[in-house]
Amino acid sequence: MEQRKLVTVLFCDLVGSTELSGILEPELLRSVVLRYFDTARERIEGHGGTVEKFIGDAVMAVFGVPVVHEDDARRGTAAALDIIAGLDELNIDLEESFGCRLAVRIGVNTGEVVATSAVGANENLVAGEVVNVAARLEQNAGPGQVLIGPVTRALLGSAADVEEVGALALKGKRDPVTAYRVHAVQTHADRTLPSDVPFVGRTAELALLADRWAEVLDGRGRHLTISGEAGIGKTRLIREWLPANAFVGAGRCHPYRDQASLAPLAQALQGILDAAEVRSGEAQEGVTGTGPTHQDARGGASGIGPSPALQVLRSGLLKDGAPGLSADATFHAVATVLTDLATKHPVVLVIDDLQWADRTLLDAVTHLAEALKATRVMLVCAGRGLTDAAVTLHVTPLTPDESARLAAELVPVQAHGPSVLDRVIDRAEGNPLYLEQLVAMLEDGADPDTLPVTVTAVLAARIDALEAPDRVVLDAAAVVGRQFAAREAATLAESDASVGELMRRGLVEPVAALDYRFHSGLLRDVTYNGISKRRRADWHEQLASQDATGHHLEQAYLHRHGLGMRDAHTSDLRSQAARVLAGAARTALDRADLSWAENLGSRALALSKNEDPWWAQAAQVVAETRIATGHDATELLNQIIDNGDATAVAHARLQLSARPAERAETARHTLATFESTGDHLGQARCLIRIAQDQQLRGAHADAEKLLTTALHHAEAAPEQAVALGALGISLWHGPVPAPEAARRCRALLAEHDHDVVALTLSYPLANLLALQGEDAEAQQRLNAADRFARELGYAEAAIVGPLFAAGVEALAGRLDNAERLLRDTLSRATGIPDLIATTNRELARVLLGQGKPAEFTPADDLATPEAADQLGIQALIANDPELAREAVARAVTTESPITQAIAYLDLATVSGDEQAAERAEELFRGKGHVVGERRAARLRKAVR
């Protein structure tokens, strides 16, 4: 069975062999060289290495084939030094007998190779970069010196006395290789792990958890974040603490994004619901004497009933782990379900490996922590290297005494002697996982002097010690994932072997009736990396045939491609993987899951060629997510124009259009393309852009009609949100009275329950509320919109949000706050001329309202409402009634009572015209603009 192994290669060559051949007679020379070969072989094999071959005067040896030892790097380096010492002894005899001395130089390098795992196999030949670098290091060494590569150095750790010789430019290597000269290697003892590990120490940590749990039982929900290095015992600490009288569920984040953003939360919540269902069934069995019932698989048996919140989760989060139509609604539903359950039984929800959490999941944790403060729910998060201020508990290494107690619990001291265990405890450095695995290696009969120098080496040695039937099942399980079904792994491995031996050795542990998981993520990773790429490819493909996920198809292709396979089957795998990933990316984007969409789309692009039918779809998703998150996508959009079909090109042209007028013109030209191809997304986008152009011209009735039509085509959440946000602008500025406009906005929010819709529609709604004097609710709407902007990651919202907020502040009379927000907008609006012009106009009015000099530079090429507003500002600055009258003349051609009223108000201000003030008051009153009406009334009285 071919496997990938981390091996150490030794390359040794004689120095000055040409000169030696001129001194010694050929037969004598051959005898001397053979004695050198014998010395080298003896020292190499004495350290457990294998002489691969003799090449002229050179010797090549490998440590780690056929059997991996956890300290192969140390063995190879020690053998190199031993060869030099052996030659010193040999030279005494050679000098006395023949008057000559031998000198060698040696290179040692560690790296990955593919080799058979069978002892005694005749195909242990290793080749490749690891061998070439070892040979180049040898060539750069001086007589009697040993040079090692950086990986070997890292594996040796403190066991070696080395001197860095700098970066060497080695033939065949593009980048320099840092080399080290070895002076000495110390001999250390090590070992690894048992299956049922005792729990020691952690008294203070358990006390803290117990105190927090007591608070939870008192109705004060708690959120704990536990941080610590890999293997330090975070998960084990939680496992030991978990109270028996609670509904418990746990989810784990993955280091790769082949899952929806909230999948760990879904996993944990499902575990809690399952626990509640079991408890409910037991209670009913105790009352009726019958077995547990499952009358309502959607929640009835759990004791919480088929509540609306649970229905929301069943159709969204619990279905696929995605946020659903509204992340905020999902978070609220989770909090509601947990709160309900906690009234019957305390609840513990655990999220592990938080260092790999998606931003959306972190937002969920924050939301739940706040929402569950007054419940009997404990939220526990654990991860590596967490530095957030919310970290409650840092798990530190065990003390030497605690490590000694653990080691003594794992193995009797008399079995190996106190000195052996002391060395193991010292090497583990208080990490329970390291110590566990080191001691287990001892128990498996390993020589205490063959201890590993890193955890990776420990794990690789543990795995390599398995018998072939058990090893193949473990390998298959690693391809399935961290958690696996025993039957699935056995089927993939085509083996009848059970997981019993793997459990006995502590490599896997049960998590359900027939499900198991690797004892640690590191263990799974080392196992997976030890499988040959060809076998990984075959197994991933086999798994993909059962469940055509992009991940398995992608990995099958990548491994075959990495092996240099360019056949039709490999090409077909590439196509399948790219197509599935591209489709999944579009689905994620349609649900406004930007980070997941870009991850999937980028992976699809990496597997695609420009001429592939799905390339444009993947490229379009990536471009749109880049634009939405504030990154440049011009190059990618131009590639789509050069390589895409007519529909893709039309989409790209729409995205490339910068100014509003240009966007509308492009939309009018491309609309026919989308209509002919039946592309509803494209039609929605075109209609939205044309409607926005009508808004700029003050034609809100036409804009509303276009936006209503666009909504019929907008199937994806982002396009619905843009259309509804634009509709909110027309309701705000158009002729619909503010109370009715606000009512319609609220109805639209209820109808389209999605975070991105709430984001785009809440900003205009906040201003509609503010102009009616409803400041408190306006602030609530702004806060909600700002929260959605942060959660969703839309860059445009971060730029324009302060502009909308400034409008609310100005209407409330907080002009200093409005000024700050507008200046913030200007600082973010670099390169967006239309936004800069709008913000400058708003800022000028705010400054004038505070009696400050207006900082105002007129803009060119403005639409009618904007031109009217700009003329009004210029009239106020110059105190010029003629400019104000011109502003009124332009404003009255629009359908915006607000635009008209402000123009009349400006005219009354600079001219003292009472009729202008009265007209402004009438227009504000008709709109329901309470704040404006009051201002106009005050001005009318002042100029009377």
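Are E921 and R940 buried or exposed? E921 is buried, and R940 is buried as well. I will come back to that pair after some context.

What you have in front of you is a predicted model. The protein chain contains 43 helices and 15 strands. It has 944 residues, and 54% of them count as buried. Take the contacts between residues at least 6 apart in sequence: 69% of these join residues at least 24 apart.

I will go through two helix pairs, then some salt bridges.

Two packed helices are described by the angle between their axes and the distance between the axes. The first pair is helix α9, residues 308-315, and helix α11, residues 327-342. Their axes come within 8 Å, and they cross at roughly 130°. An angle over 145 degrees would count as roughly antiparallel; α9 and α11 are therefore oblique to each other. The crossing of α9 past α11 is left-handed. On the α9 side, the contact is made by A309, L310, V312 and L313. On the α11 side, T330, A333, V334, T336 and V337 take part. Sorted by class, the residues in this contact of α9 with α11 are seven nonpolar and two polar, with no charged ones.

The second pair is helix α41, residues 897-911, with helix α42, residues 914-927. Here too the axes come within 8 Å, and the crossing angle is roughly 155°. That angle makes α41 roughly antiparallel to α42. α41 passes α42 in a left-handed crossing. From α41, the residues in the contact are P897, I898, Q900, A901, I902, Y904, L905, L907 and A908. They meet A916, A917, R919, A920, L923, F924 and K927 of α42. The contact of α41 with α42 divides into 13 nonpolar residues, one polar and two charged.

Now the salt bridges. Side chains of opposite charge can pair when their charged atoms come close. In this model the count comes to 52 salt bridges.

Back to the opening pair. The side chains of E921 and R940 form a salt bridge, at 2.6 Å from N to O. E921 sits in helix α42 and R940 in helix α43, residues 930-943, so the pair links distant parts of the chain, 19 residues apart.

Next, R841 and E866. Their side chains meet in a salt bridge, with 3.7 Å from N to O. This pair also links distant parts of the chain: R841 belongs to helix α38, residues 833-849, and E866 to helix α39, residues 864-878, with the two positions 25 residues apart in numbering. How accessible are they? R841 has 5% relative accessibility and therefore counts as buried. E866 has a relative accessible area of 15%, so it is buried too.

For contrast, look at R524 and D525. Their side chains meet in a salt bridge at 3.4 Å, N to O. Buried means under 20% relative accessible area. R524, at 13% relative accessibility, therefore counts as buried. D525, at 32%, counts as partly exposed.

Which residues are linked in a network of salt bridges? One such network links R586, D590, E624, R685 and E719.

To recap: α9 and α11 are oblique to each other, α41 is roughly antiparallel to α42, and the E921 and R940 salt bridge joins α42 to α43.

Notes:
Residues are numbered from 1 along each chain as its sequence is written. This is a predicted model: local features need pLDDT of at least 70, side-chain atom pairs count only at pLDDT 80 or more; totals for chains, interfaces and linings use all residues. Side-chain values use heavy atoms; hydrogens and water are left out. Axes are lines fitted to C-alpha atoms, for helices over the stretch in contact, and angles run from 0 to 180 degrees between N-to-C directions. Helices (H or I, at least four residues) and strands (E, at least two) are DSSP runs, numbered from the N terminus. Angles under 35 degrees count as roughly parallel, over 145 as roughly antiparallel, 65 to 115 as roughly perpendicular and the rest as oblique. A crossing is left-handed if the near helix is turned anticlockwise from the far one by less than a right angle, and right-handed if clockwise. Contact means heavy atoms within 4.5 Å. Ala, Val, Leu, Ile, Met, Phe, Trp, Tyr, Cys and Pro count as nonpolar, Asp, Glu, Lys and Arg as charged, and the others, Gly among them, as polar. A salt bridge is a side-chain nitrogen of Lys or Arg within 4 Å of a carboxyl oxygen of Asp or Glu. Buried means under 20% relative accessible area, exposed over 50%, partly exposed in between (1.4 Å probe, protein chains only).
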